[in-house]
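Got the viewer open and ready? Let's walk through this structure stop by stop, selecting one piece at a time.

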Amino acid sequence: MPNSNVNIISVIESKLKDKVQIQPGQLGTAAIATTNGLHREVIQTLLDADEKTAITSITGLDLGANLGLLYHIRTSNAFVTIRAEVPRESPKIQTITDIMPGAVFHELEVADLFGIVFEGHPSPGHFVLSDNWPEGVYPLRKDVNPYDVKLNPSKDVITQPSDGKQVKIVLGPQHPALLEPEKFVVTVDGETVTRVDPRVGYVHRGIEKATESRTFLQDVYLVERICGICNSIHACSFVETVEKILKIEVPQRAKYLRVIALELNRLHSHLLTLGHAGLEIGYETLFQYFWRDREPIMDLIELTSGNRVYSSLMTVGGVRRDIKEEDIPKIKATLTDLRKKLPFYRQVYEDEPSLKMRMKNVGVLKREDAIKLSVVGPVARGSGYDIDVRKDEPYEAYGEIPFKEIVYTQGDTWARMNVRMDEVEESINIIEYAIDNLPPGPFRVKAPRVVPAGEAVNRVEAPRGELFYYVKSNGTAMPERVKVRTPTYANIPAFLKTAIGESIADVPSNFVSLDPCFSCTDR
Amino acid sequence: MTNTVTWARVKSPWVLHFNSGACNGCDIEIVALLTPKYDVERFGVKLEPSPRHADVLLVTGAVTKQCEERLKRVYDQMPQPKFVVAIGACACSGGVFAGCYNVAGGVDKVIPVTAYIPGCPPRPEAIMDGVVKLLNALNPPKPKKQPKGEKKAEPLKNEAESEASKAETVPVPEVKPVVEEAKVVAKQ
């Protein structure tokens, strides 16, 4: 019987003691070094032991003669990294998608960027890189010079399904409903969706490679620009990972200031999505209302950090700016104003019949599917899958601040939007608590610019869900490898699953309830 | 007739937004422009989903290699005369992403750009200022009202480099000096 209080490490020890090497405390709860093919056995053991076992990410590494693979697996109370290696000449490894369907896109990404072949993968092909990418060039391998990459001429061919009954509808790359250029080929039979083929990668810039040629300090500002919406959380997660390698403790005041910045970010991101959802279901007034109320939050971000969008507040060792005493009343007044407006929005979601018709029972994701597909954030919490990194593995000051974890069980678009609505209120509470209990003292400690050799993983709760960072340093001022797994990347499978069997008209409302952010997804 | 067309265009420019590889920072600021606080619709600016009906193309983000062709195609679909505004540091030059393996560069590497609005991201006021200046440039004040010697036409920085620009008949000479001003104001 799956048990959430199980000690994962002792389970693996008892079952696979002679075959694998367990390194407690490394890369999460423990790192488990495996040899040929055993990674599947370890993952199967984890799946049997804990019902909430899900995959966070797969990291590829260039280790010279070998290529490394790190499978990052989360369970209800642990975070485990499984190491595997494959020879560079014939980089082949067995897929895990049959036992863990959530790993499909993670494997595609590693295959694209490192050229590792996953034997038995259900849909091999380009995913992050374009279809006309030159063959045999794997950009994240160390021997590839980014300036030398030249694309082949492209062929843009859409073939219609052969039976004549079904029709393919192409959404994107330039589409009014998508702010970002991505392509979704939706196959419909009458009005019912029968198949969705995602094609991401239009915003793929190669940021992971770019971090390797910049210093740690420059990288803080580069990773911040992975996403223009949840920028603070990217910078925060990166500096936390570097601080783990450096083994420096951030002053208490800095932790609280970071929490304030992160929650302001969450507020503006959730308000944006709640409004955007209104736009997608044809309720434009709601969109205008939410965005009107989002503007004061943008002003607060500007007030506390100096910038409207990119706060650039995080730095290794703390934050770059303190909060001014005279600004605190203004911050509190703005938050109180926003809190007063929330009952109106709640009422709209509860009572407005047209909104309920477009959102209730649309895109229902069951709890077991949510776990199987390893979804994160409000999408998971809307389906009763209670994961929130702020609660599960408190970082910064979240361990000391009281707040509720919002969970809805319906699993539809309406539940996902309501998770965000309730989180807006929780975020207001968190900021108010943090301001009232702001500890005195310094807000920054000096950190060395050269980071000693080492590696670390870090998870934080971005507005869209669990955000994962892996940083490896080789003892210089520049990182050897930075891996980012963004929440939307983990949530796309949920859309592919829930869209099938529903009406084509429900696609936008279902899709926007994931709060998709493709600049994050593609990096 | 020309006067009427210019009048109509200046009073009601329809803009198309294309994200060619942006981080969402500039895109969200463009959407914010349409919302109550900034409300560009009062200048007659309307966000138009189809390139075939648009007068102005707002491009955000460094152009990724995968988007390059699509951007060209969107530009080609727009009717003449058309104007391109590069919004944000990445669209102007590639920004922090210049030199990444999947980035082709700024927008002017692919299509001719009429106005540049730098910033990371530019504030909504800066975007508004840039677009309004572009519109004013289409309908310049009578020559006698202009102070002498101040406005000097010089070729756009990247016009010669861009292949596509050779085929264009965009009336740029009036626009150029104003673009320079837009840059200065937007930096503040």
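Start in chain A and select residues 21-24 and 30-33, strands E1 and E2. E1(A) and E2(A) pair in the antiparallel sense, with four bridges between them. Look across the pair and you'll find Ile22(A) standing opposite Ile32(A) of E2(A). Bear in mind as you go that this is a predicted model.

Now widen the selection to the whole sheet. What is the order of the five strands? It goes E1-E2-E5-E4-E3 in chain A, an open sheet with mixed pairing. At the edges stand E1(A) and E3(A), the latter at residues 54-62; each has a single partner strand, so one side of each has no neighbour in the sheet. Turn the view slowly and look for the twist, which averages 20° from one strand to the next.

Next, add the helices that go with this sheet. Helix H1 of chain A, residues 8-16, packs on the sheet and touches E1, E2 and E5 of chain A, where E5 covers 79-87. The direction of H1(A) makes about 160° with that of E1(A). Then pick residues 38-49 for helix H2 of chain A, which lies across E2, E4 (66-74) and E5 of chain A. H2(A) runs at about 165° to E5(A).

**Zooming out to the domains**

Colour chain A by domain: domain 1 is 8-144 and domain 2 is 207-522. Their centres, taken over C-alpha atoms, are separated by 26 Å. Where they meet, domain 1 of chain A puts in 21 residues and domain 2 of chain A puts in 19. On the domain 1 side, the elements giving two or more residues are E3, E4, E5 and helix H3 (104-114) of chain A. Which of them gives the most to that side? It's E3(A), with six residues. By class, the domain 1 side of this contact divides into twelve nonpolar, seven polar and two charged residues.

**Into domain 2**

Select 465-473, strand E14 of chain A. All nine of its nine residues are buried, so E14(A) is largely enclosed by the rest of the structure. Add residues 454-462 and you have E13(A), which runs antiparallel to E14(A) and is joined to it by nine bridges. Two residues make the hairpin link from E13(A) to E14(A). Try labelling Glu461(A) here: it stands opposite Glu466(A) in E14(A).

On to residues 479-485, strand E15 of chain A, which pairs with E14(A) in the antiparallel sense over six bridges. Lys472(A) stands opposite Arg481(A) of E15(A). The hairpin of E14(A) and E15(A) has five residues between the strands, and Gly475(A) there takes a positive phi near 90°.

Now find Glu423(A), in helix H14 of chain A (residues 413-436). Is Glu423(A) buried or exposed? Count the C-beta atoms around it: 26 others lie within 10 Å, so Glu423(A) is buried, the cut-off being 20 or more. Leaving aside neighbours within four places in sequence, Glu423(A) is in contact with Arg266(A), His270(A) and Ile406(A). Also pick out Val407(A), 16 residues away along the chain; its C-alpha atom and that of Glu423(A) are separated by 9.9 Å.

**Over to chain B**

Show both chains and look at where they touch: 33 residues of chain B are in contact with 37 residues of chain A. On the chain B side, E1 (14-19), H2 (25-34) and H3 (65-77) of chain B each supply at least two residues. The largest share, six residues, comes from H3(B). By class, this side of chain B has 17 nonpolar, nine polar and seven charged residues.

Stay on H3(B) and colour its buried residues, among them Cys67(B), Leu71(B), Val74(B) and Tyr75(B). The buried residues of H3(B) pack against E1, E3 (56-60), E4 (63-64) and E6 (103-105) of chain B.

For the last stop, bring up the largest nonpolar core, which has 198 residues. Those with the most contacts inside it are Leu57(B), Val59(B), Val85(B), Ala86(B) and Ile87(B). The largest share of this core, 13 residues, comes from helix H7 of chain A, residues 252-280. Finish by centring on Val85(B): beyond four places in sequence, the residues it touches include Val56(B), Leu58(B), Ile117(B) and Leu134(B).

Methods:
Residues are numbered from 1 along each chain as its sequence is written. Chains are lettered from A and ligands numbered from 1 in the order in which they are written. This is a predicted model: local features need pLDDT of at least 70, side-chain atom pairs count only at pLDDT 80 or more; totals for chains, interfaces and linings use all residues. Two residues are in contact if their C-beta atoms, placed from the backbone, lie within 7 Å. Ala, Val, Leu, Ile, Met, Phe, Trp, Tyr, Cys and Pro count as nonpolar, Asp, Glu, Lys and Arg as charged, and the others, Gly among them, as polar. Two strands pair if DSSP finds at least two bridges between them. Axes are lines fitted to C-alpha atoms, for helices over the stretch in contact, and angles run from 0 to 180 degrees between N-to-C directions. A residue is buried if 20 or more other C-beta atoms lie within 10 Å of its own, exposed if 12 or fewer, and partly exposed in between; C-beta atoms are placed from the backbone. A nonpolar core is a set of buried Ala, Val, Leu, Ile, Met, Phe, Trp, Tyr and Cys residues joined through C-beta atoms within 7 Å. Domain bounds come from an automatic or database domain assignment.
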